Structure formats: structure tokens, C-alpha cells
Amino acid sequence: MSEKLPPGSDSSPSQDKQKHGTTRRTFLKSAGIVSASVAGAEMLTGVPRAEGQEQAGAVGPGKVALKLRVNGEVRTVNVEPRTTLAEALRDELHLTGTKVVCDRGSCSACTVMLDKTPVCSCMTLAVDVGDRNVTTIEGLAHGEDLHPIQAAFIEHDALQCGFCTSGMVISCASLLERNPKPSADDVRTAISGNICRCATYPRVLEAVVAASQGKGA
Ligand code: FES
Ligand code: FES
């Protein structure tokens, strides 16, 4: 089951569901009805506001212009307050490397980084992102130079169908940002929420350990 947490949260999505007594359907619906204020979304989802983000006035339910810092660039999207970060990335910014598989916080295929924290973008409202930098799979490589994790995935054949791969790569890259020399158990914990139906886990483990030792490719 997914361990990917909403930013700053210390509980899993299923725990959040129990704590807040809400489902994704009800939170999205409520986020529109309750004017989708940032504070309202925080209350409903357990996703804390970005640091320094003031309580916003009521916005919505129509579209609002939001500035998102994505892969180091400030981009403007016009979205309803109920729009998830995954939808904003894919449908507005056409960054389709972020995959939506379960769309309910169970598989982590949609993982992106908010600053250095991996989050499920299908469970994060775009209005909650604030000033944090969103890193998607498109933002990892520098031109032709792959991120060491990307190179290691290729070298160690750590993917099959690819549905989980962008989220898996982001979770691993995020781990190395926070812990450049992870143990095998650290890697297992970091990817414990990333469900791979092709069972590539042993190869992913090899790839991350190799990348951390500078032997990715
Ligand atoms: S957790 Fe977001 S698509 Fe599965
Ligand atoms: S490579 Fe197929 S789901 Fe992971």
C-alpha cells in the first residue's frame, strides 16, 4: 500500500481518509463547493499549506490563474480550484510524463517532487503547491545528460511496461536528494508506495544502489 505522503504529512492517504472521514470524491467535490480556499483544502485533505502561504480568500468554483514553479520555470495555469496537480501538469502544461494510474493515492505512479519531498500529484491540489518547486520526470535530465537514476534504470534494466517508471524514478531521485548513500532498506522504504505490476523491484534496488555509488551507467 502506498506510503507516499501528502507534503508535510505524517500519515498515509488511507490514514488521512480515516482521520478526516473523506474520500477523494468528496474532497474534490467539497473543494469546489467550499470555494476551494486554500485553508478549506487543507482541512479536507490534510495537505498543509506551503510555508509562508497565507490563508487565501475564497476562490472558485470557476477557473483561477495559478502560478506554478515547474522544473525551475514559473508557469501559469488557469484551473478550477478542485484541479489536482497531476491534472494541471498533464492537461494544462502537457507534461504527460507524470502518469495517472489509480487516481486515488494508492499506486504512486503520479509521484512528483515538491522541493525534495515526493508526493502523489493525484492527491495534491494545484492550489496547495504555493512557491514550492515541482519536479517532474521531464525536469530530471539536463538536455542529453540523464539524471544518474535515469541512467542506472536503463543500465540495470529496471523497467518493463513503464507505467510505474516515472513515479518510481522520481521517488528514487528524491531519496538520493535527501540521502545520497542510502542502504538497501532505505531504498525499499522509499519505493514502498510505488506499485510495480511488473515486479521490477530487485532491478530498481540494484539501480539505486549503483547510482548512489556513482556506478549508474
Ligand atoms: S497514486 Fe496517483 S495515480 Fe496512483
Ligand atoms: S514496469 Fe510495469 S508497472 Fe512497473
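I'll start with D103, which counts as partly exposed because 16 C-beta neighbours fall inside 10 Å, short of the 20 needed for a buried residue. This is a predicted model, so that applies to everything I say about it. D103 sits in the loop between helix 4, residues 85-92, and strand 3, residues 111-114. D103 is not a glycine, yet its phi is positive, about 60 degrees.

D115 is another case. Its phi is near 55 degrees, again a positive value in a residue other than glycine. D115 is in the loop between strand 3 and strand 4, the latter being residues 117-120. With 16 other C-beta atoms within 10 Å, D115 is partly exposed. There is also D157, which follows helix 5 and has a positive phi near 55 degrees.

Now the overall layout. The protein has 8 helices and 5 strands. Along the sequence the order is α-α-α-β-β-α-β-β-β-α-α-α-α. There are 217 residues, and buried ones make up 45% of them. Of the contacts with a separation of 6 or more, 62% are between residues 24 or more positions apart.

Next, the core. In soluble globular proteins, nonpolar side chains tend to be buried together. Here the largest nonpolar core has 48 residues. Those with the most contacts inside this core are L85, A126, I149, V169, C172, A207 and V208. Which helix gives the most to the core? That is helix 6, residues 165-178, with 7 residues. Where does the core lie with respect to the domains? Domain 1, residues 13-139, and domain 2, residues 148-212, both contribute residues, so the core lies between them.

For a view from the strands, take L68. L68 is in strand 1, residues 64-70, and is buried, with 23 other C-beta atoms within 10 Å. Leaving out residues up to four places away in sequence, L68 touches R75, V77, A88, A126, V129 and V134. A126 is on the list of residues with the most contacts inside the core. The C-alpha atoms of L68 and D131 are 7.1 Å apart in space, with the two positions 63 residues apart in sequence.

On to the helices towards the end of the chain. Two packed helices are described by the angle between their axes and the distance between the axes. Helix 5, residues 148-155, and helix 8, residues 201-212, have axes that come within 8 Å and cross at roughly 130 degrees. These two helices are therefore oblique to each other. The crossing is right-handed. From helix 5 the contact uses P148, I149, A152 and F153, and from helix 8 it uses A207, V208, A210 and A211.

Staying with helix 5, its buried residues are P148, I149, Q150, A152 and F153. What covers them includes helix 6 and helix 8. P148 lies in helix 5 and counts as buried because 22 C-beta neighbours are inside 10 Å. From P148 to A207 the C-alpha separation is 9.3 Å, and the two are 59 residues apart along the chain.

Helix 6 also meets helix 8. Their axes come within 11 Å and cross at roughly 35 degrees, and this crossing is right-handed too. On the helix 6 side the residues are M168, C172, L175 and L176. On the helix 8 side they are V204, V208, A211 and S212.

V208 appears in both of these helix contacts. What does V208 touch, not counting residues up to four places away in sequence? The partners are I149, A152, C172, L175, P182 and V187.

That leads to V187, in helix 7, residues 184-190. Is V187 buried or exposed? V187 is buried, since 23 other C-beta atoms lie within 10 Å. Not counting residues up to four places away in sequence, V187 touches L175, P182, L205, V208 and V209. V187 and V209 are 22 residues apart in sequence, with 8.1 Å from C-alpha to C-alpha.

To close, the point to look at on screen is the core of 48 residues, which lies between domain 1 and domain 2 because both give residues to it.

Note on methods:
Residues are numbered from 1 along each chain as its sequence is written. Chains are lettered from A and ligands numbered from 1 in the order in which they are written. This is a predicted model: local features need pLDDT of at least 70, side-chain atom pairs count only at pLDDT 80 or more; totals for chains, interfaces and linings use all residues. A nonpolar core is a set of buried Ala, Val, Leu, Ile, Met, Phe, Trp, Tyr and Cys residues joined through C-beta atoms within 7 Å. A residue is buried if 20 or more other C-beta atoms lie within 10 Å of its own, exposed if 12 or fewer, and partly exposed in between; C-beta atoms are placed from the backbone. Helices (H or I, at least four residues) and strands (E, at least two) are DSSP runs, numbered from the N terminus. Domain bounds come from an automatic or database domain assignment. Two residues are in contact if their C-beta atoms, placed from the backbone, lie within 7 Å. Axes are lines fitted to C-alpha atoms, for helices over the stretch in contact, and angles run from 0 to 180 degrees between N-to-C directions. Angles under 35 degrees count as roughly parallel, over 145 as roughly antiparallel, 65 to 115 as roughly perpendicular and the rest as oblique. A crossing is left-handed if the near helix is turned anticlockwise from the far one by less than a right angle, and right-handed if clockwise.
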